[in-house]
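Here are a few short exercises to help you find your way around a new structure. Try each task on your own, then follow the solution step by step.

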Amino acid sequence: MFRTLVDALDANIVVLDERGVIIFANASWIEFGEENGSPNLDWIGVDYLQAVDQAAESGDSMAAEAAEGIRRVLSGEDESFEQIYPCHSQNEYRFYSLKVRAFVEDGRHLLAVCHTRQMNMDSLTGLPNRQLFSHGLRNELSRARRGHGPVSLMLIDADYFKQANDTYGHVFGDECLRAIAAAISRHARRPSDLAARYGGDEFVLLLGMTPVEDALHIAESIREELECMAICADGEHCITLSIGLAQIHPSCGDLREDELLIAAADAALYEAKRKGRNRVVCLSDGELAALPAQRACSVRAAGMSTTHAAPRPQPAR
Ligand SMILES: Nc1nc2c(ncn2[C@@H]2O[C@H](COP(=O)(O)OP(=O)(O)OP(=O)(O)O)[C@@H](O)[C@H]2O)c(=O)[nH]1
């Protein structure tokens with residue numbers, strides 16, 4: 001009965017012994033292996049932890065973090081480990097969640113390892129949607145807290161997009177959104193980088209363990225890429241990008257740090273729009289403080305229960 005139940009699940013599940021070796025694999029796991037380059041493999045006896053270590057050695061930082069998390073659960077240091085990680089195929093931008101839990105059976109300390117495909121993707125652009133981004137952001141902040149590194153976030157908004165829709169129609173507008181999404185995801189080069197559609201013509205790019213100086217180069221490169229495309233919005237304007245950039249050094253485990261980071265990037269984006277669009281703005285703490293209205297906005301946003309930043313006043317056209 002246990003086997004039938006676990007085989008009926010969509011999640012890919014294995015059970016590991018005390019050494020990290022697979023002693024059980026469900027039907028979805030086997031099917032996933034067949035579709036992704038491991039057909040006819042007898043999974044029982046495969047050293048899962050060693051495979052994760054090998055991925056880490058080849059430079060995959062998410063795999064290194066997973067290996068460490070699994071070892072902590074194996075040693076009893078932690079009860080569980082969770083991570084969202086990219087697993088893109090040739091045709092699809094895919095994300096999975098990894099959940100690892102310890103349990104005891106017949107006196108043996110075992111691990112249940114569950115990989116579940118995340119379906120929170122935006123159907124127009126193929127990028128993760130806002131819900132998956134929020135999850136990824138919280139994930140990245142915890143990772144940065146452990147690694148004592150900075151996290152940079154870009155809030156990216158298309159300029160004159162409404163004009164393009166009004167002038168050339170929504171089908172053309174949709175094509176533009178796909179082109180912008182492709183340009184942004186080309187700059188999400190590391191496994192831990194997360195590009196997402198935040199809503200409408202607004203996108204985000206999250207760069208873990210990245211100081212703001214490095215993020216600034218990437219933001220400029222995205223902005224330039226769109227400028228070079230010279231996509232007409234109407235007779236007068238081209239579709240360009242305004243980008244608000246912010247950085248945080250998560251340290252205190254403040255549960256609102258995700259909202260603070262979004263609010264700071266949002267205030268910077270507002271400045272980019274206000275200064276004339278088609279630019280990247282990164283506000284220092286001093287500049288943020290000198291913007292009383294936006295600062296107040298940020299603080300309000302940080303106090304809100306969701307990650308939706310405070311409404312932005314629209315700059316005059
Ligand atoms: N084609 C298309 N349009 C969308 C989609 N989602 C939102 N929009 C449109 O995107 C536009 C966004 O409006 P604004 O951000 O005010 O337009 P904008 O011209 O870029 O304004 P600025 O940012 O001030 O330059 C609205 O006209 C929405 O109807 C979508 O999925 N497809």
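## Two domains and how they meet

The chain in this predicted model splits into domain 1 (2-117) and domain 2 (130-303).

**Exercise 1.** Find how many residues each domain brings to the contact, and how much area the two domains bury between them.

*Solution.*
- Begin with the centres: taken over C-alpha atoms, those of domain 1 and domain 2 are 33 Å apart.
- Next, look at the contact, to which domain 1 gives 11 residues and domain 2 gives 11 residues.
- Then take the area: about 960 Å² is buried between domain 1 and domain 2, with 58% of it on carbon and sulfur atoms.

**Exercise 2.** Decide whether glutamate 65 and arginine 143 form a salt bridge.

*Solution.*
- The closest N and O atoms of glutamate 65 and arginine 143 are 3.7 Å apart.
- The cut-off is within 4 Å, so the pair qualifies as a salt bridge.
- Between domain 1 and domain 2 the count is one salt bridge.

**Exercise 3.** Which strands lie at the edges of the five-stranded open sheet, and which helix lies across strand E8?

*Solution.*
- Write down the order, E7-E8-E6-E9-E10, and note that the pairing is mixed.
- The edge strands, each pairing on one side only, are E7 (194-199) and E10 (280-282).
- From one strand to the next, the twist averages 20°.
- Five bridges connect E7 to the antiparallel strand E8 (residues 202-207), where leucine 205 stands opposite alanine 195.
- Finally, helix H7 (residues 170-186) lies across E6, E7, E8 and E9, running at about 10° to E8.

Methods: Residues are numbered from 1 along each chain as its sequence is written. This is a predicted model: local features need pLDDT of at least 70, side-chain atom pairs count only at pLDDT 80 or more; totals for chains, interfaces and linings use all residues. Side-chain values use heavy atoms; hydrogens and water are left out. Two strands pair if DSSP finds at least two bridges between them. Helices (H or I, at least four residues) and strands (E, at least two) are DSSP runs, numbered from the N terminus. Axes are lines fitted to C-alpha atoms, for helices over the stretch in contact, and angles run from 0 to 180 degrees between N-to-C directions. Contact means heavy atoms within 4.5 Å. Domain bounds come from an automatic or database domain assignment. Buried area is the accessible area (1.4 Å probe) that two parts lose on being put together, summed over both. A salt bridge is a side-chain nitrogen of Lys or Arg within 4 Å of a carboxyl oxygen of Asp or Glu.
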